[in-house]
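Student: Please pick one part of this structure and go through it closely. I would like to see how that part connects with what lies around it.

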Amino acid sequence: DKIADVIGWFSKAGIPTVGYFMVGAPGETRRDFEMSKALVARLPLTLITVVIYTPYPQTELYDECKRKGWLKDILPDEEVRIEMFSPMLRTPDFSDEDLASWQKELYLTFLLHHGVVLFKEFFRPLGIVNMDMIGKFFGMLRFRLSRTHKRSAEKTTGRIARCVC
């Protein structure tokens with residue numbers, strides 16, 4: 001209730017708020033997720049971010065997940081890689097599909113209850129929402145160029161630079 005009060009005060013004062021939600025912590029249940037979903041619907045948030053639980057290397061949680069065999073196949077030189085948008089764990093509590101679904105459900109719940117607020121914030125001068133954030137919000141800005149595409153882009157950029165100069 002304290003969180004709801006504080007976020008409500010910010011909202012009434014016209015100060016944007018961002019909710020940061022995490023799904024997929026070991027032991028999390030569908031009931032826990034439903035409580036998070038209800039919170040997203042209830043709180044007057046301007047924007048949310050939903051990430052999938054990722055234990056950081058050199059922490060107790062990471063070591064515990066490693067001991068229990070929950071970490072997906074990660075090469076030793078990749079242990080510094082931290083990725084919060086795709087599952088890095090296999091636990092008996094939920095599947096990768098469950099996590100992807102929960103992540104989408106939270107975003108859809110937010111849009112259903114707060115889409116108008118998000119839209120208004122996008123057009124507010126100096127607002128916290130911009131095109132980059134909108135793209136990340138919808139998960140559409142994942143550009144992974146192959147070497148061929150990179151070379152093609154470099155050639156095109158070079159031609160444009162020569163024309164401009």
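Tutor: Helices and strands here are DSSP runs, at least four residues for a helix and at least two for a strand, numbered from the N terminus. With those names, Leu43 can be placed in the loop between helix 2 and strand 2. That loop will come back later, because Leu43 is in contact with His114, and His114 is where helix 4 bends. Helix 4 is the part to look at.

The model is a predicted one. Six helices and two strands make up the protein, and along the sequence they follow the pattern α-β-α-β-α-α-α-α. Of its 165 residues, 30% count as buried. Among contacts between residues at least 6 apart in sequence, 69% join residues at least 24 apart.

Helix 4 covers residues 96-123, which is 28 residues. A straight helix of that length would reach 40 Å at 1.5 Å a residue, yet the end C-alpha atoms of helix 4 are only 35 Å apart. Helix 4 also has a bend of about 80°, located at His114.

Next, which residues of helix 4 are buried? They are Leu99, Trp102, Gln103, Glu105, Leu106, Tyr107, Thr109, Phe110, His114, Leu118 and Glu121. In general, nonpolar side chains in soluble globular proteins tend to be buried together. In this model, the largest nonpolar core has 20 residues, and Phe21, Val23, Leu45, Ile48, Val50 and Leu106 are the ones that touch the most other members. Two or more residues come from each of helix 1 (2-12), strand 1 (18-23), helix 2 (30-42), strand 2 (47-52) and helix 4. Helix 4 contributes six residues to this core, the most of any element.

Val23 shows how helix 4 meets other parts of the chain. Setting aside neighbours within four places in sequence, Val23 is in contact with Leu99, Trp102 and Leu106, all three of which are on the list of buried residues in helix 4. The other contacts of Val23 are Glu28, Phe33, Val50, Val51, Ile52 and Tyr53. Apart from the largest core lies another core of six residues, and Tyr53 is one of them, along with Tyr62, Trp70 and Leu89. Trp102 of helix 4 also belongs to a cluster in which ring pairs link it with Phe33 and Phe94.

Further along, Thr109 sits in helix 4. Buried means under 20% relative accessible area, and Thr109 counts as buried because its value is 11%. Leaving out residues up to four places away in sequence, Thr109 touches Lys37, Val40 and Ala41.

Now back to the loop between helix 2 and strand 2, where Leu43 lies. With a relative accessible area of 4%, Leu43 is buried. Besides His114 of helix 4, Leu43 touches Ile3, Ala4 and Ile7, again not counting residues up to four places away. Leu43 and Ser11 are 32 residues apart in sequence, but their C-alpha atoms are 9.5 Å apart in space.

Thr46 is found in the loop between helix 2 and strand 2 as well. Its relative accessibility is 6%, so Thr46 counts as buried. Beyond its neighbours up to four places away, Thr46 touches Phe110, Val117, Leu118 and Glu121, and these four numbers fall within the range 96-123 of helix 4. Thr46 also touches Pro16, Thr17 and Ile128. Of the helix 4 residues named here, Phe110, Leu118 and Glu121 are buried.

What about the aromatic residues Phe119 and Phe123? Both lie in helix 4, four residues apart, which is about one turn of the helix. They form an aromatic pair, and the structure holds four such pairs. Two values describe a pair of aromatic rings: the distance of the centres and the angle of the planes. For Phe119 and Phe123, the centres are 5.0 Å apart and the planes are at 65°, which makes the pair edge-to-face. Are these two rings on buried or exposed residues? Exposed means over 50% relative accessible area. Phe119 is exposed, at 54%, and Phe123 is exposed, with a relative accessible area of 54%.

To sum up, helix 4 bends at His114, gives six residues to the largest nonpolar core, and carries an exposed aromatic residue at Phe119.

How values were computed
Residues are numbered from 1 along each chain as its sequence is written. This is a predicted model: local features need pLDDT of at least 70, side-chain atom pairs count only at pLDDT 80 or more; totals for chains, interfaces and linings use all residues. Side-chain values use heavy atoms; hydrogens and water are left out. Buried means under 20% relative accessible area, exposed over 50%, partly exposed in between (1.4 Å probe, protein chains only). Contact means heavy atoms within 4.5 Å. The expected span of a helix is 1.5 Å times one less than its number of residues. The bend at a residue is the angle between axes fitted to the seven residues ending there and the seven starting there. A nonpolar core is a set of buried Ala, Val, Leu, Ile, Met, Phe, Trp, Tyr and Cys residues joined through side-chain atoms within 4.5 Å. Rings of Phe, Tyr and Trp (its six-membered ring) pair if their centres lie within 6.5 Å; planes under 30 degrees apart count as stacked, over 60 as edge-to-face and the rest as tilted.
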